[in-house]
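Q: Please take a close look at the salt bridge in this model. Which side chains meet in it, and what surrounds that picture in the rest of the chain?

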Amino acid sequence: MKKSLFALAMLIVSLTSFAEGHIFVLSPSGMLSTNPETPDYLIFDYPEFSQSDLYEKVLLTVGEHFTSPKDVLSTVENKQVSIACTVGKGVKRTDFHSFDISFKLVFEFKDNKIKVNAPIINRMTTEIGRA
């Protein structure tokens, strides 16, 4: 499951690289886009795909990366996909200090476009280990 979440996170990172170099960054108020015009979302253009095509492609991608997609997915057919993610030790600060993160990703669809909302962090906990 951890590898699946990492793959999904990498999908989001790779998607953000196509949004004119804008990415999501952690701020005191949550995750925000580096695009000042759209601080809480990014838009990706796919000119040759319909709304339903884009919806299906995201669902298929999630299905390929999760053992049990139904446990993490919430959908509104052809309009929205929400994915609940938890990553244990997902962010490593040092060899002895890491963070567990629980967050939600939301994708919205229109003809030729995917809107990726800034990840909603539900919980972030820390663990300090010893050598």
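A: What follows starts from the whole chain, goes on to the salt bridge, and ends with three other residues.

This is a predicted model, in which local features need pLDDT of at least 70 and side-chain atom pairs count only at pLDDT 80 or more, while totals for chains, interfaces and linings use all residues. Residues are numbered from 1 along each chain as its sequence is written, and side-chain values use heavy atoms, with hydrogens and water left out.

The protein chain has two helices and eight strands, where helices (H or I, at least four residues) and strands (E, at least two) are DSSP runs numbered from the N terminus. Read from the N terminus, their order is α-β-β-β-α-β-β-β-β-β. Of the 131 residues in the chain, 32% are buried; here buried means under 20% relative accessible area, exposed means over 50%, and partly exposed lies in between, with a 1.4 Å probe and protein chains only.

The structure holds one salt bridge, a term for a side-chain nitrogen of Lys or Arg within 4 Å of a carboxyl oxygen of Asp or Glu. In this salt bridge the side chains of K113 and D45 meet, at 2.6 Å from N to O. K113 belongs to strand β7 (residues 113–117) and D45 to strand β3 (residues 41–45), so the pair ties together parts that are 68 residues apart in sequence. K113 is partly exposed, with a relative accessible area of 37%, whereas D45, at 51%, counts as exposed.

Just before β7, in the loop between β6 (97–110) and β7, lies N112. N112 has a positive phi of about 70 degrees although it is not a glycine, and N112 is partly exposed at 30% relative accessible area. A positive phi of about 65 degrees is also found at N78, again not a glycine; N78 sits in the loop between β4 (73–76) and β5 (80–94), and its relative accessible area of 25% makes it partly exposed.

The last residue to consider is S33, in strand β2 (residues 30–33), which counts as buried at 8% relative accessibility. Its side chain reaches the backbone nitrogen of N35 at 2.9 Å. Leaving aside residues up to four places away in sequence, S33 touches H22, I23, F24, T38, P39, Y41 and L42, where contact means heavy atoms within 4.5 Å.

Technical notes
Polar contact = N/O pair within 3.5 Å; in protein donor to acceptor, adjacent residues only side chain to side chain.
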